[in-house]
Amino acid sequence: MRAAGSESGGGAGAPEQPTDLLAARAGGARPAGLLDRPGVRKFLRNRSGVAALVLITLFLTLAAAIALPPHLISLDETQERIGPRGLPGLWLSPKLEARVEEAEFYLDDIDKALRSSDPAASLAALRYAERRLAPRSAEEIAAILDRANEAFDAFDGALGGLEDAQIAMEQVHAAGDSTAAQVHDAGRAVAEAEAEAGRALEPVEAAVRELLPEPTGWAGVRYGLRMLGGTDRQGRSISLRAIYSIKTAVQIGMVTALIAVIVGSLLGGAAGFFGGFVDHAVVWLYSTLSSIPYIIWLVVIAFVFRQSNWTVPLLGKPIAQTLAPVYLAFAVTLWVGTCRVIRGEAMKIKGLDYIQSAVAIGCGPARILTRHVLPNVLYLMFINFSLAFVAAIKGEVILSYLGLGVQGQPSWGILIRDSKDDVVLGVFWELGAATLLMFVLVYAFNILSDALQDAFDPKHVG
Amino acid sequence: MWTYVLRRVLYNIPIYLVIVLLVMALLRVNDPVTAFLSKNATPEEYALRKHELGLDRPFLVQYFDLLGDVVTCRFHAKSWYRETSTVGQVIGPAIVPSLSITLPALVVSTLLSVVIGLVAGSRRGRRTDRSLMFLAVVGMSISYLVFILLGQYFGAYWLNEKLGVKLFAVSGYEGVGVARWPTRWLYYCLLPVAISVVVSLGYDTRFYRTVIVEQMNADYVRTARAKGCTERRVMLRHVLRNAMIPIITRVMITLPFLIVGSLLLEYYFTIPGLGWTLYTHMTNKDFPVTQTIVALLAAIFILSNILTDVLYALVDPRVRLS
């Protein structure tokens with residue numbers, strides 16, 4: 001006769017047939033492997049839940065790859081100018097204004113470099129991400145630049161034609177008695193002038209490509225990634241900043257959700273399990289904290305600690321330059337939800353038969369808490385971790401938007417804040433990139449919370 | 001009954017006392033006078049200012065001062081940011097703008113989401129339910145800010161500039177003149193209200209659907225069906241009525257938050273409500289106003305908590321005994 005438990009402990013899905021209950025118990029029948037639990041099985045059958053878990057793992061891996069050395073994306077890269085400001089992403093065909101600005105940006109900088117006291121050095125220093133200056137002599141570069149500037153003057157003429165056409169169209173629109181044919185003609189004139197200006201710009205762009213060739217191969221891939229989301233109003237890469245923000249969000253989400261779940265479970269568990277004075281104290285504490293709206297706590301705490309000139313003990317940096325104010329703000333507010341739920345569950349479990357039996361056979365409180373109560377509230381901790389994570393990410397965006405959150409590194413809130421004034425100008429890709437990435441992460445977490453609840457919470461209504 | 005009310009009141013008083021203590025301590029983590037004065041102020045200026053503002057008095061005196069202000073509802077401390085007015089004059093006019101956004105938003109979003117919850121709950125697991133809940137989760141996953149930015153862009157800017165329909169203001173608020181109030185309200189407040197409704201719809205719909213589904217599993221639903229009630233009658237007469245308790249609870253819980261309004265909405269649309277006032281005065285280091293608004297909010301919250309408890313006790317006699 002063999003002790004089934006000792007064999008099946010590690011193996012997932014190994015058939016377990018305790019032929020003799022007593023023998024099984026003597027062998028220290030451990031609970032079946034993690035994957036064998038009915039809740040876990042139910043969760044694994046939920047396709048969208050598993051997909052969400054995979055997606056979240058992907059985000060976490062990405063965040064770790066950014067945070068740990070060799071950094072996938074360094075902080076400097078997110079602050080570096082890579083082109084003209086407000087350039088649309090690769091997937092958008094740039095409007096005439098954006099193309100002009102791009103050409104002007106590159107030509108101006110090469111012009112400046114040529115005129116500097118040490119042209120060779122400043123030409124060598126010209127670097128817009130991977131788009132380096134072509135290896136040519138300074139004279140050759142000057143010659144190409146002259147050609148480009150000439151072409152630019154010709155383009156200016158075409159631009160004048162476009163302006164005239166636009167003014168004419170406005171006059172037609174303003175005059176009340178213009179016929180439909182007149183309006184149509186004016187519109188066509190503008191379109192033609194625009195096409196003409198576009199054609200006139202092409203030689204300039206050709207010269208720019210000659211001076212600063214677009215990289216190919218691996219460098220081209222990197223360059224494409226940088227330019228994918230276009231540039232913000234300071235000429236920084238939006239795609240890099242949006243991806244780097246994953247790290248910021250995960251960092252804040254992880255730390256605050258961990259604090260919330262650990263503090264909430266400890267206090268909630270103690271309150272529910274011991275009852276009496278402890279219970280009163282904990283309930284009283286969270287009723288006190290929750291009598292001020294969440295957003296007010298966030299704003300006030302973040303503001304107060306951003307102002308203060310304390311230094312953080314381990315880092316030796318002033319508190320305002322770290323994420324500590326944000327962590328503090330969330331730590332005060334987010335544990336309450338977990339605490340409530342765990343307290344209720346602990347109170348319920350305390351009265352159940354198996355706890356009474358455990359007490360009867362002489363288990364101490366520590367053993368009861370770790371062996372009997374904890375496994376039964378573990379799912380609640382996971383669900384609340386997921387909920388706190390989402391709350392932290394969404395709260396961080398709001399705080400950063402109000403200027404009270406992250407500083408010194410990109411975050412989705414900062415991206416949205418930066419893009420606020422540009423949206424009115426039709427420049428929406430910065431808002432789009434931040435929103436899209438944040439949406440995917442938060443959506444995945446929402447789906448995961450639902451799937452966890454479906455699988456583990458018997459009371460949950462799906 | 002009255003002993004129950006008294007017990008609730010007595011229970012909540014120490015909570016309030018501590019919350020005010022916490023708020024005052026928190027706001028004194030940095031010296032408010034140093035924050036307010038510039039860094040190169042002389043010690044004499046500093047001492048004078050501190051004395052003027054009454055911050056050199058013992059902490060307990062300041063504490064009871066603030067408590068007294070809240071209890072008597074008279075806020076005569078000077079605001080630091082708008083130096084000519086008292087704290088009361090700053091806070092008072094901010095209440096109506098806040099309410100004119102949040103109250104309609106609460107009513108509309110509750111009605112809408114209860115209806116959607118009923119529809120989804122009664123078709124549980126079917127396509128309507130699944131797509132509605134999908135939309136709800138999508139709505140929950142999009143940041144509040146995005147709703148505000150896009151709402152403002154399309155609702156105000158795009159309509160004004162591209163279509164020439166001047167329906168909503170881009171931002172701002174105008175005082176209440178009774179005769180033109182409805183149109184002014186539509187012009188300035190309808191867009192923020194609509195955004196607020198859209199934001200809360202996701203959360204509310206899911207909550208109410210859960211409530212409805214829970215009720216639909218109850219025995220009385222089966223009985224009602226067995227005796228031949230139509231599905232419509234089961235939903236409206238039986239399920240909805242029984243679901244009223246959690247619905248009312250949720251509405252009651254949100255009531256105190258109406259006062260502060262939505263800080264974000266007010267900040268973005270520059271509506272001079274309490275949230276906006278708190279934010280601007282706080283970032284301009286107006287210490288008395290910040291302190292008073294937070295203390296006042298806590299008081300309102302606790303009062304409405306007591307009210308909720310009492311209402312429960314009135315509705316359900318079992319509550320009184322526990």
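This section describes the overall form of chain A, its salt bridges and selected features of chain B in a predicted model.

Chain A comprises 18 helices and two strands. Its C-alpha trace extends over about 95 × 55 × 55 Å along the principal axes. The radius of gyration of chain A is 31 Å, whereas a compact globule of 462 residues would have a value near 23 Å. Of the 462 residues in chain A, 48% are buried. Among contacts in chain A with a separation of 6 or more, 71% are accounted for by residues 24 or more positions apart. The exposed area of chain A is about 22,600 Å², of which carbon and sulfur atoms supply 62%.

Within chain A, S245(A) is placed in helix α11 (residues 238-274). With a relative accessible area of 1%, S245(A) is buried. Its side chain reaches the backbone oxygen of R241(A) at a distance of 2.7 Å. When residues up to four places away in sequence are not counted, S245(A) touches P410(A), S411(A), W412(A) and L415(A).

Side chains of opposite charge can pair when their charged atoms come close. Over all chains, the count of salt bridges comes to 25. One of these joins the side chains of E80(A) and R226(A), with an N to O distance of 3.6 Å. Because E80(A) lies in the loop between α5 (75-79) and α6 (96-115) of chain A and R226(A) in helix α10 (residues 217-228), this pair ties together parts that are 146 residues apart in sequence. R226(A) counts as buried, at 3% relative accessibility.

A further salt bridge in chain A links R131(A) and E214(A), whose closest N and O atoms are 3.9 Å apart. R131(A) belongs to strand β2 (residues 131-132) and E214(A) to the loop between α9 (180-211) and α10 of chain A, so the pair ties together parts that are 83 residues apart in sequence. The two partners are in contrasting surroundings: R131(A) counts as buried at 2% relative accessibility, while E214(A) counts as partly exposed at 46%.

In chain B, the side chains of D204(B) and R250(B) meet in a salt bridge with an N to O distance of 2.8 Å. Here D204(B) lies in helix α9 (residues 181-216) and R250(B) in helix α11 (residues 231-260) of chain B, so parts that are 46 residues apart in sequence are tied together by the pair. D204(B) counts as buried at 9% relative accessibility, whereas R250(B) is partly exposed, its relative accessible area being 24%. Returning to chain A, salt bridges with shared partners join E77(A), E80(A), R222(A) and R226(A) into one network.

Chain B also provides examples of solvent-accessible elements. Helix α3 (residues 43-52) of chain B lies largely in the open, because one of its 10 residues is buried. Just after α3(B), G54(B) adopts a positive phi of about 75°. Elsewhere in chain B, L150(B), F154(B), W158(B), L163(B), V165(B) and L167(B) make a nonpolar surface patch of about 510 Å². Of the patch residues, F154(B) is located in helix α8 (residues 144-161) of chain B. F154(B) is partly exposed, with a relative accessible area of 41%.

Conventions. Residues numbered from 1 in each chain as written. Chains lettered and ligands numbered in written order. Predicted model: local features only at pLDDT ≥ 70, side-chain atom pairs only at ≥ 80, totals over all residues. Heavy atoms only, no water. Buried < 20%, exposed > 50% of the residue type's maximum accessible area, 1.4 Å probe, protein only. Helix = DSSP H or I, 4+ residues; strand = E, 2+ residues; numbered from the N terminus. Patch = residues over 30% accessible without salt bridge, like charges linked within 9 Å, V, L, I, M, F, W, Y side chains within 5 Å. Areas by Shrake-Rupley, 256 points an atom, 1.4 Å probe, with all protein chains shown as cover. Salt bridge = Lys/Arg side-chain N within 4 Å of Asp/Glu carboxyl O. Rg over C-alpha atoms; globule rule 2.2 N^0.38 Å. Contact = heavy atoms within 4.5 Å. Polar contact = N/O pair within 3.5 Å; in protein donor to acceptor, adjacent residues only side chain to side chain.
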